[in-house]
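Reader: I would like a close look at a single part of this model. Pick one loop, follow what it leads into, and then place that region in the rest of the chain. Keep it brisk, please.

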Amino acid sequence: MSIEVNNESGVEVDEELLVELAGHVLERMGINPLAELSILVVDEEAMSDLHERWMGEPGPTDVLAFPMDELRPGHGAGARQEGDAPADPALLGDVVLCPQVAAKQGAEAGHGTEAELELLCTHGILHLLGYDHAEPEEHKEMFGLQGELLEAWREVRPQR
């Protein structure tokens, strides 16, 4: 996987860990190993600008996803059915994270910023792959898958 992290937030973030997590998620989802993903880490002001410009909502949010190719596991370029050879590689898109918002949410949820960033990164990648949570059934599927991916990640996560 080609996974790039660009940290423009002014906050120290374990970029290597985000790359490893993203690789884990994409591999578990059956995405072609030549696929490309970009993770951008921004401050609250930049996230507020993106949130308002693209979602029409004021203030910063935790994660935004900007897909490049229409993908869903088993559908489209870069995805494959279980047992199939990987399909053509694809440019997946961008996941944008805000560590300041993640820190607040992590504290509210009873875990740290790093755990919250892992959750948000996974969530953003699932959005890039076509998952959504607007409808109850979609919500159940996406959050269930997110939980499974994070549980599997915790089993293999490198300790630093």
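Author: Helices and strands here are DSSP runs, a helix having at least four residues and a strand at least two, and both are numbered from the N terminus. The model is a predicted one.

Start at Asn32. This residue sits in the loop that links helix 1 (15–28) to strand 2 (36–41). Is Asn32 buried or exposed? Its relative accessible area is 5%, so Asn32 is buried, the cut-off being under 20%. The Asn32 side chain also has a partner inside the loop region. It reaches the backbone nitrogen of Leu34, at 2.6 Å.

Now step out of the loop and into strand 2. Strand 2 has two faces. Leu37, Ile39 and Val41 form the covered face. Glu36, Ser38 and Leu40 form the uncovered one.

Which strands pair with strand 2? One is strand 1, residues 2–7, which runs parallel to strand 2 and is joined to it by 6 bridges. Another is strand 4, residues 91–97, also parallel to strand 2 and also joined to it by 6 bridges. Specific partners help to fix the register. On the strand 1 side, Glu4 has Ser38 of strand 2 as its bridge partner. On the strand 4 side, Glu36 is partnered by Leu91.

Handedness comes next. Strand 1, helix 1 and strand 2 form a β-α-β unit, and this unit is left-handed. The Asn32 loop belongs to that path, as it lies between helix 1 and strand 2.

Look at Glu4 from its own side. Glu4 is in strand 1. Its relative accessibility is 57%, so Glu4 counts as exposed, the cut-off being over 50%. Beyond four places in sequence, Glu4 touches Leu37, Ser38 and Ile39. Those three names are familiar from strand 2: Leu37 and Ile39 are on the covered face, and Ser38 is on the uncovered face. Leu40 gives a further spacing for a check. The pair Glu4 and Leu40 is separated by 36 residues in sequence, and their C-alpha atoms are 8.3 Å apart.

Now the rest of the chain. It holds 5 helices and 4 strands. Their order along the sequence is β-α-β-α-β-β-α-α-α. The chain has 160 residues, and 41% of them are buried. Take the contacts with a separation of 6 or more: 67% of these are between residues 24 or more positions apart.

A second loop residue is useful beside Asn32. Thr61 is placed in the loop between helix 2 (44–55) and strand 3 (63–67). With a relative accessible area of 16%, Thr61 is buried, and Asn32, at 5%, is buried too. The Thr61 side chain makes a polar contact with the side chain of Asp62, at 3.3 Å. Further along the sequence, outside the four places on either side, Thr61 is in contact with Met47, His51, Cys98 and Val101.

Last, the histidines. Under "binding site", UniProt lists His123, His127 and His133, in an unreviewed entry. From this set, His123, His127 and His133 are in the lining of the largest pocket.

Take His123. It is found in helix 4, residues 113–128. Its relative accessibility is 9%, so His123 counts as buried. Setting aside neighbours within four places, His123 is in contact with Val63, His133, Met142, Phe143 and Gln146.

Take His133. It is found in the loop between helix 4 and helix 5 (136–156). What is the exposure of His133? At a relative accessible area of 28%, His133 is partly exposed. Its contacts, without residues up to four places away, are His123, His127, Glu138, His139, Met142 and Phe143. One of these links is polar: the side chains of His133 and His123 are in polar contact at 3.2 Å.

To return to the starting point: Asn32 is buried, and its side chain reaches the backbone nitrogen of Leu34. The strand after that loop, strand 2, is joined by 6 bridges to strand 1 and by 6 bridges to strand 4.

Conventions
Residues numbered from 1 in each chain as written. Predicted model: local features only at pLDDT ≥ 70, side-chain atom pairs only at ≥ 80, totals over all residues. Heavy atoms only, no water. Buried < 20%, exposed > 50% of the residue type's maximum accessible area, 1.4 Å probe, protein only. Polar contact = N/O pair within 3.5 Å; in protein donor to acceptor, adjacent residues only side chain to side chain. Pairing = 2+ DSSP bridges. Right-handed = clockwise from strand over helix to strand, strands pointing away. UniProt positions renumbered as here; feature names shortened; annotations may be inferred. 1 Å grid on protein atoms, 1.4 Å probe; cavity = no way out; pocket = protein on both sides within 12 Å on 5 of 7 lines; lining within 4 Å. Contact = heavy atoms within 4.5 Å.
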